[in-house]
Amino acid sequence: MGRRENDVDQTVPARAVLAQYLRERRRAAGLTYSQMSEAVGGRISKATFERAASGSTVPSWDTVEWFIVVTSVKKGLLAINANFHSRELWVRARRATRAPYYVHQAPDPALVSCTAGFLRALRHQHVWAGYPTPGEMELTAGPGVLPKTTTRRIIAGDVLPVDPEQAVAFLRACYVESAALEQWLAAAVRALRDDPSRSKRLDRWVKAHQEMTRQLQENGIASVTPLRAREEQHAA
């Protein structure tokens, strides 16, 4: 019989909730941390799995993801729903340990009306996502899409994304769901339209917004209002 685990560290409640969830999955699967490490070919060590479920730190997403995969395989269940839930718990834990105390909710792109406001909203979304590192964001976006140097400058508030593709990559790396990306692109169009120094590149952003709207409507992900009609409703 193995030694009893220490109690979950309750110092940061959101971090403790994630740890407890991981512990419950391991117990339900009937696995030891050593067996879990063996199941992934040593890619994640016993100590790393154990620390992830301690509540004393927020593990990397790679560790959490493998934790879910291993316990799902043992239980004969699909990991999709568990992966979604654990991602939400993980983001909350990162937010609780990394975001400033004054951040209480995600930014609302519908309130953006200028380029400064758009950049500020992007930075707040990054905070709300739990401060993913530029390296993590580059990996999420894929090669060449969101370079670390550019990401650092956006986070610092020095530059806007160079094009809608980079903006979408940044937002996806900050865990913005597909249905919400249309609102962000609409915000970018509003902001750039009223900025003489940037409005010459507006067509590309408008086309990206139109394409995003079309995809959402075709896939039935969300009911969206065309940008011009939305602006007219707001003006009324």
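**Exercise 1. Cysteines**

Does Cys114 count as buried, partly exposed or exposed, and at what relative accessibility?

*Solution.* The model is predicted: local features need pLDDT of at least 70, side-chain atom pairs count only at pLDDT 80 or more, and totals for chains, interfaces and linings use all residues. Residues are numbered from 1 along each chain as its sequence is written, and side-chain values use heavy atoms, with hydrogens and water left out.

Step 1. The classes are defined by relative accessible area: buried is under 20%, exposed is over 50%, and partly exposed lies in between (1.4 Å probe, protein chains only).
Step 2. Cys114 has 34% relative accessibility and therefore counts as partly exposed.
Step 3. Cys174, at 1% relative accessibility, counts as buried.
Step 4. A disulfide is a pair of cysteine sulfur atoms within 2.5 Å. By this rule the count is zero disulfides.

**Exercise 2. Overall architecture**

Describe the secondary structure of the protein and the extent of its burial.

*Solution.*
Step 1. Helices (H or I, at least four residues) and strands (E, at least two) are DSSP runs, numbered from the N terminus.
Step 2. On this basis the protein has twelve helices and zero strands, and the pattern along the sequence is α-α-α-α-α-α-α-α-α-α-α-α.
Step 3. The protein has 236 residues, of which 44% count as buried.
Step 4. Contact means heavy atoms within 4.5 Å. Among contacts with a separation of 6 or more, 62% come from residues 24 or more positions apart.

**Exercise 3. The packing of helix 6 with helix 8**

Determine how helix 6 and helix 8 are oriented, and list the residues through which they meet.

*Solution.*
Step 1. Axes are lines fitted to C-alpha atoms, for helices over the stretch in contact, and angles run from 0 to 180 degrees between N-to-C directions.
Step 2. Helix 6 (residues 115-128) packs with helix 8 (residues 148-156) at an angle of about 105 degrees, and their axes are 8 Å apart. Helix 6 is therefore roughly perpendicular to helix 8. The classes are roughly parallel under 35 degrees, roughly antiparallel over 145, roughly perpendicular from 65 to 115, and oblique for the rest.
Step 3. From helix 6, Leu119, Leu122, Arg123 and His126 meet Ile154, Ile155 and Ala156 of helix 8.
Step 4. The residues of this contact divide into five nonpolar, one polar and one charged. Here Ala, Val, Leu, Ile, Met, Phe, Trp, Tyr, Cys and Pro count as nonpolar, Asp, Glu, Lys and Arg as charged, and the others, Gly among them, as polar.
Step 5. Ile155, in helix 8, touches Arg123, His126, Pro134, Met137 and Phe170, not counting residues up to four places away in sequence.

**Exercise 4. Leu122 and the nonpolar cores**

Which five residues of the largest nonpolar core touch the most other members?

*Solution.*
Step 1. A nonpolar core is a set of buried Ala, Val, Leu, Ile, Met, Phe, Trp, Tyr and Cys residues joined through side-chain atoms within 4.5 Å.
Step 2. The largest such core has 32 residues, and Phe118, Leu122, Phe170, Trp184 and Trp205 touch the most other members.
Step 3. Two or more residues are given to this core by each of helix 6, helix 9 (164-173), helix 10 (178-193) and helix 11 (202-219). Helix 10 supplies the largest share, eight residues.
Step 4. A second, separate core of 23 residues includes Leu22, Ala52, Phe67 and Ala82.
Step 5. Leu122 is found in helix 6 and, at 0% relative accessibility, counts as buried. With residues up to four places away in sequence not counted, Leu122 touches Ile154, Pro161, Phe170, Leu171 and Trp184.

**Exercise 5. Helix 9**

Why is helix 9 described as largely enclosed by the rest of the structure?

*Solution.*
Step 1. Eight of the ten residues of helix 9 are buried, so this helix is largely enclosed.
Step 2. The buried residues are Pro164, Gln166, Ala167, Val168, Ala169, Phe170, Leu171 and Ala173.
Step 3. These residues pack against helix 6, helix 7, helix 8, helix 10 and helix 11.

**Exercise 6. Backbone angles in two loops**

Locate Tyr131 and Tyr175, and state the phi of each.

*Solution.*
Step 1. Tyr131 lies in the loop between helix 6 and helix 7 (134-141). Although Tyr131 is not a glycine, its phi is positive, at about 55 degrees. At 27% relative accessibility, Tyr131 counts as partly exposed.
Step 2. Tyr175 is placed in the loop between helix 9 and helix 10. Tyr175, not a glycine, has a positive phi of about 65 degrees. With 24% relative accessibility, Tyr175 counts as partly exposed.
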